[in-house]
Amino acid sequence: MSLVEEIIAANAEFAEAFDAANIPIPPRRKLAILTCMDARIYPNKIFGLHEGDAHIIRNAGGRAADALRSLAISQELMGTREIVVLHHNDCGLLGRSNAEIRSRLVSSLGKVAMQPAANLDFLPWPDVEQALRNEMYDIQTSPLIRPGTPVTGFIYDEETGLIRQVDALA
Ligand code: ZN
């Protein structure tokens, strides 16, 4: 079975037991979660959430710069009022540099990738805790986010499943 055949078969099984119809679009718990795309992070399980509870916005590293469009829409159009940022200890973006990522793209894809890669900030970071504080600050001070929105930061430990809260910048 190919990968696509596998996921199509899995979906048929999922739909068989499906019981999440007719859920309203605005998240019931008025919560938006920003996190990394890392395949080990299952936000719904980590936070005990279910269909319809929260927006989950994901990208490489869980970076705010990549997520402001979605966070603004989440608040303005869908009524969310609280934001959680979930970073994690063993992020694949940790310790990388723009130079490294750009050079790998150019080696893989050729010269055509050079200019687009140079124009893109891949938002790597050297320190997960510092990065999380910066993310929280960037969200809280963004003119696109409602003033006074509670923004809470956590770091997830892939070894234990536990989260640890990190305070925002003073
Ligand atoms: Zn990550």
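Which elements do the buried residues of α3 pack against? In this predicted model, they pack against β1, β2 (54-59), β3 and α6 (128-140). Helix α3 spans residues 68-76, and its buried residues are L71, A72, S74 and Q75. These residues lie on the same side of α3, because they cover an arc of only 160° around the axis. The opposite face has another character. Turned away from the buried side, this face of α3 carries the exposed residues R69 and E76.

Two of the strands packed against the buried residues of α3, β1 and β3, also contribute to the metal site. A zinc ion is coordinated there by three residues of the chain: C36 through SG, H88 through NE2 and C91 through SG. The coordination distances run from 2.0 to 2.2 Å. Along the chain, the donors of the zinc ion follow the spacing C-x51-H-x2-C. The pair C36 and H88 links distant parts of the chain, with their positions 52 residues apart in numbering. C36 belongs to strand β1 (residues 31-36), whereas H88 belongs to strand β3 (residues 82-88). Are these two donors buried or exposed? C36 has a relative accessible area of 4%, under the 20% cut-off, and therefore counts as buried. H88 is buried as well, because its relative accessibility is 1%.

The surface offers a contrasting feature. L3, V4, I7 and I8 form a nonpolar patch there. Together, these residues have about 410 Å² of accessible area. One of them, V4, is placed in helix α1 (residues 3-16).

Backbone geometry singles out two loop residues. Most residues other than glycine have a negative phi. N22 has a positive phi, near 60°. L123 also has a positive value, near 55°. Neither residue is a glycine. Where do these residues sit? N22 is in the loop between α1 and β1. L123 is in the loop between α5 (114-118) and α6. Their surroundings can be told apart by accessibility. N22 has a relative accessible area of 79%, over the 50% cut-off, so N22 is exposed. L123 reaches 16%, under the 20% cut-off, and so counts as buried. The loop of L123 leads to α6, one of the elements against which the buried residues of α3 pack.

Notes. Residues are numbered from 1 along each chain as its sequence is written. This is a predicted model: local features need pLDDT of at least 70, side-chain atom pairs count only at pLDDT 80 or more; totals for chains, interfaces and linings use all residues. Side-chain values use heavy atoms; hydrogens and water are left out. Donors are N, O and S atoms within 2.8 Å of the metal (3.2 Å for Na, K and Ca); water is not among the atoms, so sites may look incomplete. Helices (H or I, at least four residues) and strands (E, at least two) are DSSP runs, numbered from the N terminus. Buried means under 20% relative accessible area, exposed over 50%, partly exposed in between (1.4 Å probe, protein chains only). The arc is that of the directions from the helix axis to the C-beta atoms. Contact means heavy atoms within 4.5 Å. Patches are made of residues with over 30% relative accessible area and no salt bridge: like charges are joined within 9 Å, nonpolar side chains (Val, Leu, Ile, Met, Phe, Trp, Tyr) within 5 Å. Accessible areas come from the Shrake-Rupley method with a 1.4 Å probe; for residues, only the protein chains shown count as cover. A salt bridge is a side-chain nitrogen of Lys or Arg within 4 Å of a carboxyl oxygen of Asp or Glu.
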